[in-house]
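Colleague: Could you take me through one part of this model in detail? I would like to see how a pair of neighbouring elements fits together, and what surrounds one residue there.

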Amino acid sequence: MSAASDPNALPSLPLQLPAGLQQTHHALRTMLERLNQLTSDIADAGLTPEVREEAAALHAWFTQEPAQHHAEEEKHVFPRLLASGDADLVHLARRLIADHGWLDVNWKQIAPSLLAAKDNYQWFQPAELIAAVRLFTRMHEEHMELEETQAFPAASTLQQEAPEQ
């Protein structure tokens, strides 16, 4: 049975992880900085045209990019960790998959405030948005740290050790 027809076969992963995974992490850090700045700007200056434009841009980016990135990780990285037979790597993969769910929930709490800001409606409390964005940022930072220091290196090693099919 070929790997292509085997439903239990691991997805193909190059010896080096796709550069896009690291590039998205870099972009995410930049966008989180912008998101934190936006919340400060809303609290300090209100919904100026510049704030509304930034809210629209950030909403568009966070609605699309992290979900695509997480799908790539769940396709290329986590299956290798789950199939490794190493209890620590299996636990790590499960934690990172759960993190993706929590990050999505947290985003869904932030997104309506950004849409409102974009449309010049400030029904939300800036202090609550600041707190939600800080939590969102902290969760992402911890998550990316685990991926970059543990998951990505382990997945690359597992691919290198995987037999050719």
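What follows is a walk from the whole chain to one helix pair and then to a single residue.

Modeller: Happy to! Please keep in mind that this is a predicted model. The protein chain has five helices and zero strands, so a helix pair is a natural place to look. Of its 165 residues, 40% are buried. Among contacts between residues at least 6 apart in sequence, 79% join residues at least 24 apart.

Now to the pair itself. Helix α1 covers residues 19-45 and helix α2 residues 49-76; their axes lie 10 Å apart, at an angle of about 150°. Angles over 145 degrees count as roughly antiparallel, and α1 and α2 are therefore roughly antiparallel to each other. Their crossing is left-handed. On the α1 side, the residues making the contact include Leu21, Thr24, His25, Leu28, Met31, Leu35 and Ile42. From α2 come, among them, Val51, Ala55, Leu58, Trp61, Phe62 and His69. By class, the contact of α1 with α2 has 14 nonpolar, three polar and five charged residues.

Histidine 69 deserves the closer look. This residue sits in helix α2 and takes part in the contact with α1. Its relative accessible area is 5%, and since buried means under 20%, histidine 69 counts as buried. Leaving aside neighbours within four places in sequence, histidine 69 is in contact with Leu21, Thr24, His25 and Glu147. Leu21, Thr24 and His25 are also among the α1 residues in the helix contact.

Notes: Residues are numbered from 1 along each chain as its sequence is written. This is a predicted model: local features need pLDDT of at least 70, side-chain atom pairs count only at pLDDT 80 or more; totals for chains, interfaces and linings use all residues. Side-chain values use heavy atoms; hydrogens and water are left out. Axes are lines fitted to C-alpha atoms, for helices over the stretch in contact, and angles run from 0 to 180 degrees between N-to-C directions. Helices (H or I, at least four residues) and strands (E, at least two) are DSSP runs, numbered from the N terminus. Angles under 35 degrees count as roughly parallel, over 145 as roughly antiparallel, 65 to 115 as roughly perpendicular and the rest as oblique. A crossing is left-handed if the near helix is turned anticlockwise from the far one by less than a right angle, and right-handed if clockwise. Contact means heavy atoms within 4.5 Å. Ala, Val, Leu, Ile, Met, Phe, Trp, Tyr, Cys and Pro count as nonpolar, Asp, Glu, Lys and Arg as charged, and the others, Gly among them, as polar. Buried means under 20% relative accessible area, exposed over 50%, partly exposed in between (1.4 Å probe, protein chains only).
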